[in-house]
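Thanks for making the time this morning. I would like to walk you through one model, and I will try to stay with what can be read from it.

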Amino acid sequence: MLRRRQLGLAAAGTLAPVALAAPALAQGGPTEIQFWHGLAQPLGGLLEAIANDFNNSQNRARVVSTFRGGYPETMVAAIAAFRAGTAPHIVQMFEVGTGTMMAAGRAIKPLHELLRETNVNINFDDYLPAVRGYYSLADGRMMSMPFNSSTAIMFYNKDAFRRAGLNPDEAPKTWAEVRQAAQRIKAAGHEMPFTTAWPTWTQIEQQSAIHNQEIASQENGFGGLNTELRVNNPLMQRHFTNLLEMGREGTFRWGGRDSAGDALFASGQAAIVHASSGARARFVREVPGGVANIGAAMLPYYEDVPGAPINSIIGGASFWAMNRGPNAQRSADENRAIAEFFAFLARPEVAAKWHTDTGFLPVTRSAYERVRQSGFYEQNPGADIPIQQLLRGDRMTGASRGIRLGGFVEIRVIMQEEMERALQGQQAAPQALQNMTTRGNAVLRNFERTNRG
Amino acid sequence: MRKVHFKGIALPYLLLLPQLVITGLFFFWPAGMAVYQSFLREDAFGLSSQFVGWENYADVLSDPTWLESAARTGVFSVSVAVLALGVALFLAVQADKHIRGADTYKTLLIWPYAVAPALAAVLWLFMFHPNIGIFGRMLNALGIPWDYRLNGGQALTLVILASAWKQVSYNFIFFLAGLQSIPRAVLEAAAIDGASPMRRFWTVVFPLLSPTAFFLLVVNLVYAFFDTFGVIHSLTQGGPGKSTETLIYRVYTDGVMNLNLGSSAAQSVILMIIVVVLTAVQFRYVERKVHY
């Protein structure tokens, strides 16, 4: 009983100064900016460190970072918070949510509007076209703040290559070579020669892009909400048949949905993985043998497809400024603080540090230059693979600019489900792709209908 | 029992009030909102909504994947209930015998009830994960291709096992209490008449246990319908494919993950109706055969 009373007193003692301090904050202290992100460790810590750097660089605004679970959970949490009138000022939204956010009307504060109202200037001409294009309207106005952009690349375990008698410094370039290498790795007694993280992103979206194949009409949805899926095409049928055959012969093993495949490569179990370039930070820390044991290469392609390969597309996330709720706007101070934080992120030294620390892309040309001149790429062979792959080919096409589908989160789950059913042997490749199309189109039509007005 | 009569009406209503408030706040209000929501179609942010009548219901009921989920939920719930009741009854009968250390067994058997469904799932994950689980690795080493992340049948088996295991303790307590309340005289009389232990169980013990068993059947089915969300979410997230997606899990994916609130609300209303009908049928028909 006594203990409880003491606790109560202690609580009252700590609460009192806070209560006194609150009005003081409102009058002259820094504006508090709630920032929700979806990056687990170690990336989350690196991101929060950048927010802290911003806090220490000035005294008008203070960014409070909160980890809200993975990307899909963060998106759901932000939307639910908006409905309840407690949305964060800034939410990190993965690229799949871009279509939903763009159609979100007054739930979001478009970046171009925010910058205009606050007179903060960010030079978007400096941003890589693939990054800028993904987050802007057709007329070029920016809707969200690009930050952690990645692309999918192939990582491989050099030890596993050596044990299989393969040259660890020469990565397979085409799918035929990948399959051969995987067969030799399997023959050398490796349980999991090849797996993938983000299965739909790496095997459907990226593979379609580098082969210049649209996955949806209207230039992958950039042209309007009346887009329809086009995944049941000869290229994807061929690729899925290939993957299913590799699954049957035991050279391809399903690593699970979303980012689950990362762990299999990080633990050394998988010899080859297709993953986000942003997974590099984790792999360097966790893969047995460290950075010297990790090979990086561009995604494999089918060499007889005319014109292939071209550039891959980006993934990762961007930062969206949100309104507080359906009937609540932000104050001018809050908007200004958000804009200043964004301008801080655009600084070449911030973007460059994030790139070298994590493996995400250098999103601006000046950051890329800065890193190149520092000699980082000579010391870290393979670290420039993602950006080279992103800039490959001289034309960005309607199929390789990006993907903008409403309800894309749900569509990805549908695609993963159909892939799982195909890998279980319940359906052949064309059937799986047809089911994806039918079920995905139902989602697209529903989204078009609810977001028309 | 002596009946108590209140003089006015104020006091009885006052005494009822807390329960009425709780029922209203936590059942009627949300259920009413679900019914209302099920007639609307909204965008994810709730900025525009449109009255669509029965369309959400029509969409759900004509969706083959929903019908598959419904069938799967039937298989899942019956399996969980039968397994959990069967195992619990067997264990209770054994623990009711005069054996050394009976109290220890009883305590240990009751323990799992205190484990939250999500934690129970993680325990099973650590046993049966094909890469890190001890039994999962063992099965693969024995040449049995065990991977519940890709094999739908294995995944469903695993969630049924984990869900049933979790419920065994609860059933065990009730069965044990039921067994202990059976008058010894009846059993002794049967024994003197020369009935074998098996015969004594099926003709004397089991009928006398039927009220308990009936009550538990209802509770277990409701548990399998609603409370197994944590197990499924932690173990398989409804996959692979849709092979462990039950109706309640689907309400979650469509409502929370896919932000399709209208459809999700319609599904939960349908689920509510199913459970109401199921309970009514149980009380009307099954109860007739129960000896009290």
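**Strands, a helix and the spaces between two chains**

Let me begin with one pair of residues in this predicted model: A:F94 stands opposite A:A317, which belongs to strand β10 of chain A. The two strands concerned are β3(A), residues 90-94, and β10(A), residues 315-322, and they run antiparallel, joined by 5 bridges.

If you look along β3(A), you will find that 5 of its 5 residues are buried, so the strand is mostly covered, by the cut-off of under 20% relative accessible area. A:I90, A:Q92 and A:F94 point one way from the strand, while A:V91 and A:M93 point the other way, and on both sides the residues are buried. β3(A) also pairs with β1(A), this time in the parallel sense and over 2 bridges, and in that pairing A:W36 stands opposite A:V91.

From there we can follow β1(A), residues 31-37, to another partner, strand β2(A), residues 61-67, with which it pairs in parallel over 7 bridges. Within that pairing A:T31 stands opposite A:A61. The two strands, together with helix α2(A), which spans residues 43-57, make a β-α-β unit, and its hand is right-handed.

One residue in chain A deserves a separate word, and that is A:R282, which sits in helix α13(A), residues 280-286. Is A:R282 buried, partly exposed or exposed? Its relative accessible area is 28%, and because that value falls between the cut-offs of 20% and 50%, A:R282 counts as partly exposed. In sequence A:R282 and A:Q41 are 241 residues apart, yet from C-alpha to C-alpha the separation in space is 8.4 Å.

Let me now turn to chain B. Its secondary structure comes to 12 helices and 2 strands, and, reading from the N terminus, a helix comes before the two strands, with helices making up the rest of the order. Taken along the principal axes, the C-alpha atoms of chain B fill a box of roughly 75 × 75 × 30 Å, and of its 292 residues 44% count as buried.

The UniProt record, in an unreviewed entry, places the feature "transmembrane region" at several stretches of chain B, including residues 74-95 and 155-179. In the model, residues 74-95 of chain B are 100% helix, with the end C-alpha atoms 31 Å apart. Residues 155-179 of chain B are likewise 100% helix, and there the end C-alpha atoms lie 35 Å apart. UniProt, again in an unreviewed entry, also lists "domain: ABC transmembrane type-1" for residues 70-282 of chain B. Over that span the chain is 77% helix and 0% strand, and its end C-alpha atoms are 19 Å apart.

Further along chain B is helix α11(B), residues 247-257, which is mostly covered, with 10 of its 11 residues buried. Among the buried residues are B:R250, B:D254 and B:M257. The helix is followed by B:L259, whose phi is positive, near 55 degrees.

B:L259 brings us to the spaces in the model, where the count comes to 5 cavities of 30 Å³ or more. The largest cavity has a volume of about 240 Å³. Which residues lie nearest its centre? They are A:G407, A:F447, B:A44, B:N258 and B:L259, out of 19 that line the cavity, and both chains are represented. Helices α19(A) and α20(A), along with strand β1(B), each supply at least two residues of that lining, and α20(A) gives the most, with 4 residues. By class, the lining has 8 nonpolar, 7 polar and 4 charged residues.

Finally, there is the second largest pocket, which holds about 680 Å³ of space and is lined by 25 residues, with A:R253, B:N140, B:P145, B:W146 and B:D147 nearest its centre. The elements that give two or more residues to this lining are α11(A) and α19(A), together with α6(B). Its lining comprises 11 nonpolar, 9 polar and 5 charged residues.

To close, I would point you back to helix α19(A), which contributes at least two residues to the lining of the largest cavity and two or more to that of the second largest pocket. I am glad to take questions.

Technical notes:
Residues are numbered from 1 along each chain as its sequence is written. Chains are lettered from A and ligands numbered from 1 in the order in which they are written. This is a predicted model: local features need pLDDT of at least 70, side-chain atom pairs count only at pLDDT 80 or more; totals for chains, interfaces and linings use all residues. Side-chain values use heavy atoms; hydrogens and water are left out. Two strands pair if DSSP finds at least two bridges between them. A crossover is right-handed if, with the strands pointing away from the viewer, the path from the first strand over the helix to the second runs clockwise. On a 1 Å grid over the protein atoms alone, a cavity is a set of points where a 1.4 Å probe fits but cannot get out, and a pocket is an open set with protein on both sides within 12 Å along at least five of seven lines; lining residues have an atom within 4 Å of a point. Grid points are joined across faces, edges and corners, and a volume is the space filled by probe spheres set on the points. Ala, Val, Leu, Ile, Met, Phe, Trp, Tyr, Cys and Pro count as nonpolar, Asp, Glu, Lys and Arg as charged, and the others, Gly among them, as polar. UniProt positions are given in the numbering used here, feature names are shortened, and annotations may be inferred rather than shown by experiment. Buried means under 20% relative accessible area, exposed over 50%, partly exposed in between (1.4 Å probe, protein chains only).
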